[in-house]
Amino acid sequence: MIINRPNYIEAITPFIGQPLVKILSGIRRCGKSTIFEMLKEELILRGVEEKCIISKRYTDMDIVQNITAKQMYDELVCATKDNAYSYLILDEIQEISGWEKAVNSLLEKGNFDIYVTGSNSKLMSSEISTYLTGRYVQIPVYTLSFSEYLKFKSKSQLSKRELLNKYIRFGGFPVVALNEYESNTAYQIVNGIYYTVVSRDIVNRHRIHKQELFDRVVKYVVENTGKTFSANSISKFLKSENRQLSNESIYNYLRWLEQAFIIYPCRRYDLQGKNILKTQEKYYLADVSLKYALFGYNRNMLDAVMENIVYLELKRRGYDVYVGKLGSKEIDFVGILRDEKIYVQVCVQLPENSDRETANLKDIPDNYPKYVVTLNDLDVGNDEGIKIVHLQDFLLQD
């Protein structure tokens, strides 16, 4: 069953037929393969003959263990009919050692339009910089937005507000959204995705010998989603549990989690100096369900979960997202997209007799859009140009 995610096809469309490798990257099971199915349909609608579309998936272990990059190259060249211009759709290609050389050679032949997916950004970025400089475009793929989630639940009898609560509870992995699962079953599925990423993309690939320590660092990061911390604070925490790990190892772990798309960094942006700060960044998860899979669902997590959902929504819309620093005050998110900016504060409910959330925004000396996003209908309104909106409305606005 394919449920359309048109935003991704719209992102790919300008590059169809261009001499660039189109790379879709994101956490495993976020829907990259399904987007390729949609791309195939789009190409056929554009008049491309089906025989000229060559789709290959490189996730099967017997293929991964036996096929070389040269064999992959030869197989793809042989698959073209009469040397006709062909469209290559290559799924999880990073499983093939030396894939980048093969793809570069195919690109240089001039009669291939190439699309690839990957679940590990280190592999993608390091080889791209060597072999494909200036000849590729990366399109990040995320788990479902709330708008996409509603499409997946189009046959549901629940209201949008009830579906928002389910989205908050179960996250946006398509495999979970396509069915009606009990909480434990849904989190088991997500847990399986998480451990596949950890074991295949991180522990095995980077030959981590102290997996217990690695797991503890991961749980610390997940537990502290949306909070400011550093490698040094993680090291101190481990020492409090009579464990020891160097800051260098912790930095490596954080980097590998980023490269496997489990976490995304959110750096701080000085609104006065207009520069990006290099310390005390925050991290957000690829999907809020990862937190529940490791720790179970708890309403006390709601503040951090809401922040995570808003962060991902801004990323989906193309913003570079930062934590705003304004003197001693903090803005939850500053989104920058070319010449545009957006400022967002997030809170489950506005505190009574306090204007802290709006006051921080009022102190920003420009006229870019400013929002407070809440879960309380009674809070919504307008305060001196600051829009106070319900999470549902923020997620569904254009």
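Visitor: How do you know that the length of helix 13 agrees with 1.5 Å a residue?

Guide: Helix 13 has 13 residues and covers 18 Å from its first C-alpha to its last, close to the 18 Å expected. The expected span is 1.5 Å times one less than the number of residues. Helices (H or I, at least four residues) and strands (E, at least two) are DSSP runs, numbered from the N terminus. This is a predicted model: local features need pLDDT of at least 70, side-chain atom pairs count only at pLDDT 80 or more, and totals for chains, interfaces and linings use all residues. Residues are numbered from 1 along each chain as its sequence is written, and side-chain values use heavy atoms, with hydrogens and water left out.

Visitor: Which residues of helix 13 are called buried, and what follows the helix?

Guide: Buried means under 20% relative accessible area, exposed over 50%, and partly exposed in between (1.4 Å probe, protein chains only). In helix 13 the buried residues are I250, N252, Y253, L254, W256, L257 and Q259. F261 follows the helix, with a positive phi near 65°.

Visitor: What is the case for helix 11, and how far apart are its end C-alpha atoms?

Guide: Helix 11 (residues 211–223) has 13 residues and should span 18 Å at 1.5 Å a residue; its end C-alpha atoms are 18 Å apart, so the two agree. L213, F214, R216, V217, V218, Y220, V221 and V222 are buried in helix 11.

Visitor: What covers the buried residues of helix 11?

Guide: The cover includes helix 10 (183–203), helix 12 (231–240), helix 13 (247–259), strand 6 (263–270), strand 7 and helix 14 (289–295). Contact means heavy atoms within 4.5 Å.

Visitor: Why is K282, a lysine, called buried or exposed?

Guide: K282 has 5% relative accessibility and therefore counts as buried. K282 is part of strand 7. Not counting residues up to four places away in sequence, K282 touches G226, K227, T228, Y264, P265, C266, V323 and E330. The C-alpha atoms of K282 and Y322 are separated by 9.0 Å, although the two residues are 40 residues apart along the chain.

Visitor: What makes strand 7 an edge strand?

Guide: Two strands pair if DSSP finds at least two bridges between them. The open sheet has 8 strands in the order 7-6-8-9-10-11-13-12, with mixed pairing. Strand 7 (275–285) and strand 12 (381–383) each pair on one side only, and these are the edge strands.

Visitor: How many bridges join strand 9 and strand 10?

Guide: Strand 9 (residues 329–337) and strand 10 (residues 340–346) pair over 5 bridges in the antiparallel sense. With at least two bridges required, the two strands therefore count as paired. I336 stands opposite K341 in strand 10.

Visitor: Why is N104 called buried or exposed?

Guide: N104 has a relative accessible area of 12%, so it is buried. N104 lies in helix 5 (residues 99–109) and touches Y131, L132 and R135, not counting residues up to four places away in sequence.

Visitor: What about S145, which lies in a loop?

Guide: S145 is between strand 5 (136–140) and helix 7 (146–152). Its relative accessible area is 7%, so S145 is buried too. Leaving aside neighbours within four places in sequence, S145 is in contact with Y167, E313 and R316.

Visitor: Why are R29 and E384 classed as they are?

Guide: R29 has a relative accessible area of 49% and is therefore partly exposed. E384 has 68%, so E384 is exposed. R29 lies in the loop between strand 1 (21–25) and helix 2 (32–45), and E384 in the loop between strand 12 and strand 13 (386–390). R29 is not a glycine, yet its phi is positive, about 70°. E384 is likewise a residue other than glycine with a positive phi, near 50°.

Visitor: What makes a space a cavity or a pocket?

Guide: On a 1 Å grid over the protein atoms alone, a cavity is a set of points where a 1.4 Å probe fits but cannot get out; a pocket is an open set with protein on both sides within 12 Å along at least five of seven lines, and lining residues have an atom within 4 Å of a point. The structure holds 2 cavities of 30 Å³ or more. The largest cavity has about 60 Å³ of space and is lined by Y149, K153, K166, F170, V176, A177, N179, E180 and Y181.

Visitor: What is the volume of the largest pocket?

Guide: The volume of the largest pocket is about 1200 Å³, the volume being the space filled by probe spheres set on the points, which are joined across faces, edges and corners. Of the 43 residues lining this pocket, P140, Y142, K315, R316 and G318 are the closest to its centre. Strand 6 gives the most to the lining, with 5 residues.
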